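Visitor: I should like to understand the terms applied to this model and the grounds on which each of them rests. May we take them one after another?

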Amino acid sequence: MLRSKLFSLHNIKTKTQLMKILVVDDEKDMQALFEQRFRKEIRDGKTQFVFATSGEEALNYLLQHNHEAVLILSDINMPGMTGLQLLEKIKLEHKAPPPVVMMITAYGDEENYNRAMQLGADDFLTKPLDFILLKDKLKIPA
Amino acid sequence: MNQHLQSILNIIQQDKSLTVEEKNAIAKSLKDADKELEITAFKLDRTEKVKRTTTILLEETIEELEQKRKAVEESRTALEKTLRDLKATQQQLIQSEKMASLGELTAGIAHEIQNPLNFVNNFAEINTELIDEMKEEGEKGNLDEVRAIANDLRDNNQKIAFHGKRAESIVKGMLQHSRSSTGKKELTDINALTDEFLRLSYHGLRAKDKSFNATMETNFDYNINKIEIIPQDVGRVLLNLFNNAFYSVNEKKKILNGLYEPKVFVSTEQLDDKVQILVRDNGNGIPQKIVDKIYNPFFTTKPTGEGTGLGLSLSYDIITKGHGGELKVETKEGEYASFKIILPA
């Protein structure tokens, strides 16, 4: 299942050369971390990041910038709206074209995994994030 | 008649100088004397008997008293032992209550430590890469680029230090909580203590129950000076109040779900010569009929096995007896519960 979804992600990406990624995490330093981990990719204009520190903020962004973000990376464990609630809303309200949503959590447990998949998550990653694996999944050309 | 009196009577009878009347009068007196003598002898005898009886009774009483004294002594020893046992049990209960609340927190603590450690590891790795890049740029003579990378390195180092300290303070907090209270008052930053335990409580419950969620709102008064408290003890009180608040909103959410937004509000405030910490939740509140009982030891509304019933009782003792402060509750059933800790500054 994951494979096929990643293929579709690959398709989206080939259509638009610049990949815009929305990262949702209540840890503010995630921004600095992503910006540095993807330093070269950002510099070379292959990808662009936007950041939200809550589910509410992420939804706001998606409303204001309709379908700009083709990929959403969201933490599950956040105060207020959880990543799972955000996932559910995105999948229900933003249908065409559906953004790819990858869930990230520190609790890499069965229950969260199953719930995320049930709600239509495209992938599931655990913290600490393996950025090499993530880049591989994003299929960003080096 | 008494032998001596009889002798006197005989002598008198033979005396020729006395008239018959005189002899009769003396004889009567002697008979009266004899009667009185007899009565006196009888009384003496009776007194003697009473005395013997009394002595026996007295001895019996003394013996009885001695037995009673021994019984009292024995029960006193037994009571002292019971008291010692009770005190030991109380200590064990306090310890197990503490451990129970710590156990609940373990997962949350692990999560809380993992996050900063991830940052430490990630930024350390990035710095290694950046140093290589900086070398390359230096060799190429791109000084501007070298400077930019150096700035990034410094920023990242600050982040590493920040998250390292964050993890350290969590471990410290955890150790403080599990260690027996030193009972020593230390100058403590109330805001930092409150924030630390709020996070521990939130993440602890979160880790235990994946569906758990609540909005936390804080309003800290940053003008509060450090105050002298026993930080481990007050930390336990805070932990207890936060756990209760989150428990209450979570229970309410299970019933209402839908439109209900679970919320826990925490604030600190400097009052004249006091510091106040407020913990307010919009959960189920406390029914009026049990509000007087909440500080009683072993009183709990939680299902068997979920609460020791010692949390608020210990909290009350820590704040009032341990710190000369006040622990006040305000609540409306079904709407909210609000606890105020007031500590002398």
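Visitor: Which residues make up the meeting of helix 4 of chain A with helix 5 of chain A?

Guide: In this predicted model, helix 4 of chain A contributes Gly55(A), Ala58(A), Leu59(A) and Leu62(A). From helix 5 of chain A come Gly83(A), Gln85(A), Leu86(A), Lys89(A) and Ile90(A). Residues are said to meet here when their C-beta atoms, placed from the backbone, lie within 7 Å.

Visitor: How do the residues of this contact divide by class?

Guide: The contact of helix 4 of chain A with helix 5 of chain A holds five nonpolar, three polar and one charged residue. Gly counts as polar in this scheme.

Visitor: Why are helix 4 of chain A and helix 5 of chain A called roughly parallel?

Guide: Helix 4 (residues 55-64) and helix 5 (residues 83-93) of chain A pack at an angle of about 20 degrees, and their axes are 9 Å apart. Angles under 35 degrees count as roughly parallel. The two helices of chain A are therefore roughly parallel to each other. As for handedness, helix 4 of chain A passes helix 5 of chain A in a right-handed crossing.

Visitor: What makes helix 5 of chain B oblique to helix 6 of chain B?

Guide: These two helices of chain B pack at an angle of about 140 degrees, with axes 9 Å apart. Roughly antiparallel applies over 145 degrees, and roughly perpendicular covers 65 to 115. An angle of about 140 degrees fits neither class, so helix 5 of chain B is oblique to helix 6 of chain B. Their crossing is left-handed.

Visitor: Which residues form the contact of helix 5 of chain B with helix 6 of chain B?

Guide: On helix 5 of chain B they are Asp233(B), Val234(B), Arg236(B), Val237(B), Asn240(B), Leu241(B) and Asn244(B). They meet Gly311(B), Leu312(B), Ser315(B), Ile318(B), Ile319(B) and Gly322(B) in helix 6 of chain B. By class, the residues of this contact are six nonpolar, five polar and two charged.

Visitor: What makes strand 2 and strand 6 of chain B the edge strands of their sheet?

Guide: The sheet is open and consists of five strands of chain B in the order 2-4-5-7-6, with mixed pairing. Strand 2 (215-219) and strand 6 (326-332) of chain B each pair on one side only. Neighbouring strands of this sheet are turned by 15 degrees against each other on average, direction ignored.

Visitor: How do you know that strand 6 and strand 7 of chain B pair?

Guide: Two strands pair if DSSP finds at least two bridges between them. Strand 6 and strand 7 (residues 336-344) of chain B have seven bridges, in the antiparallel sense, so they satisfy this criterion. Thr331(B) stands opposite Ala337(B) in strand 7 of chain B. The two strands of chain B form a hairpin with three residues between them, and Gly334(B) in the turn has a positive phi of about 85 degrees.

Visitor: Which helices pack on this sheet?

Guide: Helix 5 (residues 231-256) of chain B touches strand 4 (263-271), strand 5 (274-281) and strand 7 of chain B, and its direction makes about 20 degrees with that of strand 5 of chain B. Helix 6 (residues 311-323) of chain B touches strand 6 and strand 7 of chain B, and its direction makes about 145 degrees with that of strand 6 of chain B.

Visitor: What share of each chain counts as buried, and what makes a residue buried?

Guide: A residue is buried if 20 or more other C-beta atoms lie within 10 Å of its own. Of the 142 residues of chain A, 35% count as buried. For the 345 residues of chain B, the share is 26%.

Visitor: How many helices and strands does each chain have?

Guide: Chain A has seven helices and five strands, while chain B has six helices and seven strands.

Visitor: How many residues of the two chains are in contact, and which helix of chain A gives the most?

Guide: In total, 16 residues of chain A are in contact with 16 residues of chain B. Helix 2 of chain A gives the most to the side of chain A that touches chain B, with five residues. That side of chain A has six nonpolar, five polar and five charged residues.

Conventions:
Residues are numbered from 1 along each chain as its sequence is written. Chains are lettered from A and ligands numbered from 1 in the order in which they are written. This is a predicted model: local features need pLDDT of at least 70, side-chain atom pairs count only at pLDDT 80 or more; totals for chains, interfaces and linings use all residues. Helices (H or I, at least four residues) and strands (E, at least two) are DSSP runs, numbered from the N terminus. Axes are lines fitted to C-alpha atoms, for helices over the stretch in contact, and angles run from 0 to 180 degrees between N-to-C directions. A residue is buried if 20 or more other C-beta atoms lie within 10 Å of its own, exposed if 12 or fewer, and partly exposed in between; C-beta atoms are placed from the backbone. A crossing is left-handed if the near helix is turned anticlockwise from the far one by less than a right angle, and right-handed if clockwise.
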